[in-house]
Amino acid sequence: MGQALDGSALDALFREARTYSKWLPKPVTDQTVRDLYDLLKWGPTSANAGPARFAFLRSKEAKERLRPALAPSNIEKTMTAPVTAIVAYDTKFHEQLPKLFPHNPGMVKLFESNPELANATAKRNSSLQGAYLIIAARGLGLDCGPMSGFDHAKVDQEFFAAGKPCFGCDQEFFPEGHVKSNFLCNLGYGDPSGLHPRLPRLPFNEACSLL
Ligand SMILES: Cc1cc2nc3c(=O)[nH]c(=O)nc-3n(C[C@H](O)[C@H](O)[C@H](O)COP(=O)(O)O)c2cc1C
């Protein structure tokens with residue numbers, strides 16, 4: 001606490017980490033996926049609600065279910081990735097607040113009575129949790145390939161509709177289809193031969209103000 005990570009850790013998390021689309025033939029174990037969740041879950045969310053839900057697709061069967069929803073340019077990289085995470089959010093996340101935020105029972109009612117607020121909170125915080133996933137994965141030595149090029153309706157119907165099995169989760173079902181996809185993230189050990197040169201980022205004075 002209060003101490004910066006060393007330069008090599010910052011390189012691994014940010015400066016040298018890249019978005020990968022080719023993968024080395026090295027599997028990602030189920031234990032690594034569990035370790036990944038057990039790390040990312042500590043990232044902060046509004047009212048400690050943790051609205052993100054993650055489906056980790058590793059079997060050929062699960063990947064084939066995803067294929068029809070993918071933008072053509074995202075098919076090959078996804079089908080060859082050891083794992084594809086569907087980062088999703090539960091619009092009924094507030095049902096978990098008695099467990100996750102027990103000292104303030106009023107929060108459940110607040111979200112129940114305001115679906116717009118609940119939806120915005122779920123989307124914002126699941127995006128954050130998706131970012132925690134990326135940084136946690138890099139911390140565990142994995143590489144990532146996040147993607148928004150896919151058909152959300154198809155993914156939600158295939159993986160999150162009522163009565164459909166949810167691969168990669170301990171829960172057998174995501175009930176009632178109130179889980180919605182946010183973005184996808186391929187996970188594995190990246191093959192640097194597929195990388196293009198690093199694109200620039202906005203410098204401090206174009207992206208930030210000091211007030
Ligand atoms: C939310 C999100 C969605 C993205 N969607 C796609 C996508 O659909 N297809 C794709 O090839 N790359 C996608 N990317 C990858 C970005 O283009 C890439 O992360 C960015 O250019 C930075 O690359 P770098 O990490 O190698 O510097 C996405 C990235 C993010 C974070």
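How many bridges join strand β1 to β2, and in which sense do the two strands run? The points below start there. The model is predicted.

1. **β1 against β2.** Strand β1 covers residues 52-57. It is joined to β2 by 6 bridges, and the two strands run antiparallel. For a register check, take R53: its bridge partner in β2 is A88.

2. **β2 against β4.** Strand β2 also pairs with β4, residues 179-188. The sense is again antiparallel, over 8 bridges. Here I86 stands opposite L184 of β4.

3. **Burial of β2.** Strand β2 spans residues 83-90, and 8 of its 8 residues are buried. The strand is therefore largely enclosed by the rest of the structure. The cut-off behind this is under 20% relative accessible area.

4. **Two faces of β2.** In a regular strand, side chains alternate between the two faces of the sheet. Strand β2 can be read that way: V83, A85, V87 and Y89 point to one side. T84, I86, A88 and D90 point to the other. Both sets are buried, D90 included. Two residues already named, A88 (partner of R53) and I86 (opposite L184), belong to the second set.

5. **Salt bridges, overall.** The whole structure holds 7 salt bridges. Three of the pairs are taken up next.

6. **D30 with R58.** The closest N and O atoms of this salt bridge are 2.6 Å apart. D30 sits in helix α2 (residues 30-40), while R58 sits in the loop between β1 and α3 (60-66). The pair therefore ties together parts that are 28 residues apart in sequence. Is either end hidden or open? D30 has 40% relative accessibility, so it counts as partly exposed. R58 has 42% and falls in the partly exposed class too.

7. **D38 with K41.** These two form a salt bridge with closest N and O atoms 3.2 Å apart. D38 is partly exposed at 38% relative accessibility. K41 is partly exposed at 33%.

8. **E64 with R67.** This salt bridge has its closest N and O atoms 3.0 Å apart. E64 is partly exposed, with a relative accessible area of 30%. R67 is partly exposed as well, at 33%. The pair is part of a network: K60, E64 and R67 are linked by salt bridges.

9. **Ligand shell.** Which residues surround the ligand? They are R18, T19, N74, K77, P146, M147, S148, G149, R198 and R201. By class, the shell divides into 2 nonpolar, 4 polar and 4 charged residues. Helix α4 (72-80) and strand β3 (143-147) each supply at least two of the shell residues.

10. **Polar contacts to the ligand.** Backbone atoms contribute at S148 and G149. A backbone N or O atom of S148 lies 2.9 Å from a ligand nitrogen. At G149, a backbone N or O atom lies 2.9 Å from a ligand oxygen. R198 uses its side chain: one of its polar atoms lies 2.6 Å from an oxygen atom of the ligand. As for cover, the ligand on its own has 640 Å² of accessible area, and the protein covers 63% of that.

Note on methods
Residues numbered from 1 in each chain as written. Predicted model: local features only at pLDDT ≥ 70, side-chain atom pairs only at ≥ 80, totals over all residues. Heavy atoms only, no water. Buried < 20%, exposed > 50% of the residue type's maximum accessible area, 1.4 Å probe, protein only. Helix = DSSP H or I, 4+ residues; strand = E, 2+ residues; numbered from the N terminus. Pairing = 2+ DSSP bridges. Salt bridge = Lys/Arg side-chain N within 4 Å of Asp/Glu carboxyl O. Near = heavy atom within 4 Å. Polar contact = N/O pair within 3.5 Å; in protein donor to acceptor, adjacent residues only side chain to side chain. Areas by Shrake-Rupley, 256 points an atom, 1.4 Å probe, with all protein chains shown as cover. Nonpolar A, V, L, I, M, F, W, Y, C, P; charged D, E, K, R; others polar.
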